[in-house]
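Me: I have a protein model to read and would like to go through it step by step. Let us look at it together.

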Amino acid sequence: MSDKMDMRVSGATAMPGGEYGKVSVSGSGKIQGSLRADSLSCSGAAKVQGDVVTGRLSSSGDVKIEGNLQADEVSVSGACKVQGDLNGGNVKLSGSMKVEQNLSARQVKLSGSLSVGSGVEAEEVYADGVVKIDGLLNAETIELHSGHGSTVGDIGCSQLRVRKGKGGILHIFSRSSGYALAVDSIEADCADLEYTRAEVIRARDIRLGEGCYVRRVEYTGTCQAADGTVEELVKIGDHLLEDGPQA
């Protein structure tokens with residue numbers, strides 16, 4: 001049996017950082033310092049003035065972490081802001097999350113919105129919402145369904161699939177002119193794309209369907225491109241892609 005003390009906040013309270021068992025915030029709680037806990041749940045407003053290390057973070061409220069977040073499992077249906085890095089196992093979002101530095105996880109699954117100031121490293125990314133990643137999105141498998149206009153700096157992966165979602169009220173904030181994804185460059189083994197705008201795509205096998213525009217495509221295997229989707233199409237030797245993306 002654990003001898004760590006649980007922390008429960010139901011009013012407006014400031015608590016010291018430290019090591020706890022279960023931490024629950026249903027009011028307005030400020031944790032003054034870094035926090036290590038078995039779990040952290042928030043249905044109110046929680047602010048941590050330091051790093052958080054926990055087995056599980058769940059939030060249907062508003063969580064702000066001024067340092068880094070490390071968690072085996074992250075579930076957000078409210079809002080969460082991490083000013084440093086997020087290192088997690090499974091990250092599930094139906095609300096909104098902002099990570100100002102890097103995000104690293106086994107799986108990222110979202111139906112809300114995710115903003116990352118630097119890069120994302122994961123095994124699998126499944127997004128049915130809004131994604132804004134300023135740096136590199138690197139994963140083994142990426143599936144993106146967005147009607148709101150996701151933007152990514154660069155993508156490196158084995159399998160990439162992009163479709164346009166149903167849209168919604170958030171589409172008014174889109175800066176990508178109706179594209180499901182706007183990206184500078186893509187390097188992939190297989191890319192199956194619709195409603196995607198990219199400067200350069202390098203892939204073995206690629207399909208460009210409805211709504212795509214790509215300035216330059218370099219491929220080594222097969223390419224199926226709808227009329228008007230590619231400005232420059234180049235078939236090149238396999239050796240040029242041997243050192244391609246790594247998930």
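Me: How many helices and how many strands does the protein have?
Reply: This is a predicted model, where local features need pLDDT of at least 70, side-chain atom pairs count only at pLDDT 80 or more, and totals for chains, interfaces and linings use all residues. Residues are numbered from 1 along each chain as its sequence is written, and side-chain values use heavy atoms, with hydrogens and water left out. Helices (H or I, at least four residues) and strands (E, at least two) are DSSP runs, numbered from the N terminus. The count is zero helices and 19 strands.

Me: What share of the residues counts as buried?
Reply: Buried means under 20% relative accessible area, exposed means over 50%, and partly exposed lies in between (1.4 Å probe, protein chains only). The protein has 247 residues. The buried share is 46%.

Me: Which strands pair with β10, the strand of residues 96–99?
Reply: Two strands pair if DSSP finds at least two bridges between them. Strand β8 (residues 79–82) runs parallel to β10, with four bridges, and A79 has S96 as its bridge partner. On β12 (residues 113–116) there are also four bridges in the parallel sense, and K98 stands opposite S115. The partners are β8 and β12.

Me: Which side chains of β10 are buried?
Reply: Side chains alternate along this strand. S96 and K98 point to one face and are not buried. Pointing to the other face, the buried ones are M97 and V99.

Me: How many salt bridges does the structure hold?
Reply: A salt bridge is a side-chain nitrogen of Lys or Arg within 4 Å of a carboxyl oxygen of Asp or Glu. By that rule, the structure holds 15.

Me: How many residues apart in sequence are the parts that R163 and E194 tie together?
Reply: The side chains of R163 and E194 form a salt bridge at 3.6 Å, N to O. R163 lies in strand β15 (residues 150–163), and E194 lies in the loop between β16 (181–193) and β17 (196–208). Both residues are buried. The pair therefore ties together parts whose separation in sequence is 31 residues.

Me: Which strands does the salt bridge of R207 and D192 tie together?
Reply: The two side chains meet at 2.7 Å, N to O. R207 is partly exposed at 26% relative accessible area, and D192 is partly exposed at 24%. R207 lies in one strand and D192 in another, 15 residues apart in sequence, so the pair ties together β17 and β16.

Me: Which residues join the salt-bridge network that includes R202 and E218?
Reply: R202 and E218 meet in a salt bridge at 3.2 Å, N to O. R202 lies in β17 and E218 in β18 (residues 213–225), so the pair ties together parts 16 residues apart in sequence. R202 is partly exposed at 27%, whereas E218 is buried at 11%. Salt bridges that share partners make one network of E187, R202, R216, E218 and E232.

Me: Where does pLDDT stay under 50?
Reply: pLDDT is the predictor's confidence in each residue, from 0 to 100. The protein averages 90, and 89% of the residues score at least 70. Where pLDDT is low, the predicted coordinates should not be read in detail. The stretches under 50 include residues 167–176 and residues 238–247.

Technical notes:
Contact means heavy atoms within 4.5 Å.
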